[in-house]
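The questions below ask what stands behind each term used for this model. Each answer sets a value against its definition.

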2 protein chains.
Amino acid sequence: MEARVYSVVVLVFAEKGWAGFTLDEVARRSGVGKASVYLRWRDKRELLLAAMRDRLEPFQGWTHTGDLREDLKAMARYVFGMYWGWAGLAIMRLWLDARTYPDLFADLRDFYLFGSVRTVEAMIAAAVDRGELPEGTAPALVLGTMFGVATVQVSVAPPGQGEDLTARTEEYVDRLVDMVLTGLRGGHQPR
Amino acid sequence: MEARVYSVVVLVFAEKGWAGFTLDEVARRSGVGKASVYLRWRDKRELLLAAMRDRLEPFQGWTHTGDLREDLKAMARYVFGMYWGWAGLAIMRLWLDARTYPDLFADLRDFYLFGSVRTVEAMIAAAVDRGELPEGTAPALVLGTMFGVATVQVSVAPPGQGEDLTARTEEYVDRLVDMVLTGLRGGHQPR
């Protein structure tokens, strides 16, 4: 029962955000009685937090390939995959709702944000050590570009084009990683 | 009265999205009676559409400086300025709600999307003509990077840091434009 409820919770939140998130809809769509939901979780915030942490992990897809291009491609695939589905929608809802309701969602936002930040910092530091990037490369710029391009691409995709986009993921991945790599390296010559 | 209602409408939508958007809250926060609101606008969708178009224009900040770096800096300033306030929040809510409710919001989304796309296409085409960029440069990548980095930066900014971010806008603008320009040019030598 818990798994079914959690999946519906994240889906409803992805579709509507916090202001439209109701236990009534969760109970109806999961087929679990409202009384059971109220018995098990104290309130809708606690339920949402538990469901998000259960269903969605921060980005940890760093593959340690020893090659920055391959690491970035793995990251780009993860990001595009996530943002073309309900998971990315739920995360974007969370960013926005954490601005409107900081007291409710700052912790959950930080959980996803800092998880991804740590991964990208380690990726960049290793690439600098290998001489693939100049000293002082800003991880925030890498994170912003990779997640940013994916969010925009997805946000503006006409409905129903998800499958087409999924089929062309590798094309998007290559183009994005080429641009980011060239942009980050500037005139830097890899050792 | 119209101006006051429109401002509140966009603010409430920015904070809560469509699922949490109610005429009750608009009436209360604008100090305009509900009866008057219902008399003037047929329903809440019509009111939201009118308010968004009245308060928010698509990106048209292309300054025709004849220099791609300056054009991009103008664009970056516009984007950061917008996303650090309610305007950017409202636009991000719109992207998400247009995925959940395509029938309601596809037109409004296209209005903002294609307005910005046309501006960036013209900017890139002019830069290619001047020899500043290689043939075939994808406007979508420019749009995605500029808006994407700004959205991520803003989405993950801790509450209350808006002022600090605003003070450092030029630093963000320079770093972003440097990366985008280098990335787009690749090995291309400006004529």
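UniProt positions are given in the numbering used here, feature names are shortened, and annotations may be inferred rather than shown by experiment. This is a predicted model, in which local features need pLDDT of at least 70, side-chain atom pairs count only at pLDDT 80 or more, and totals for chains, interfaces and linings use all residues. Residues are numbered from 1 along each chain as its sequence is written, chains are lettered from A and ligands numbered from 1 in the order in which they are written, and side-chain values use heavy atoms, with hydrogens and water left out.

Q: What makes residues 1-59 of chain A a "domain: HTH tetR-type"?
A: The name comes from UniProt, where an unreviewed entry lists it for residues 1-59 of chain A. In the model that span is 71% helix and 0% strand, and its end C-alpha atoms lie 27 Å apart. Helices (H or I, at least four residues) and strands (E, at least two) are DSSP runs, numbered from the N terminus.

Q: Which residues of chain A carry the feature "DNA-binding region"?
A: UniProt, again in an unreviewed entry, places the feature at residues 22-41 of chain A. Those residues are 75% helix and 0% strand, with the end C-alpha atoms 13 Å apart.

Q: What relates chain A to chain B?
A: A turn of 180° with a shift of 0.0 Å along the axis lays chain A on chain B with an RMSD of 0.0 Å. That is the relation of a two-fold axis. The copies are superposed by least squares on the C-alpha atoms of residues with pLDDT of at least 70 in both.

Q: Why is it said that the copies meet through the same surface?
A: Because 100% of the interface residues of chain A are also interface residues in chain B. Contact means heavy atoms within 4.5 Å.

Q: Where do the domains of chain A begin and end?
A: Domain 1 covers 2-54 and domain 2 covers 57-185; such bounds come from an automatic or database domain assignment. The contact takes 14 residues from domain 1 of chain A and 13 residues from domain 2 of chain A.

Q: How many salt bridges link domain 1 of chain A and domain 2 of chain A?
A: The count is 0. A salt bridge would need a side-chain nitrogen of Lys or Arg within 4 Å of a carboxyl oxygen of Asp or Glu.
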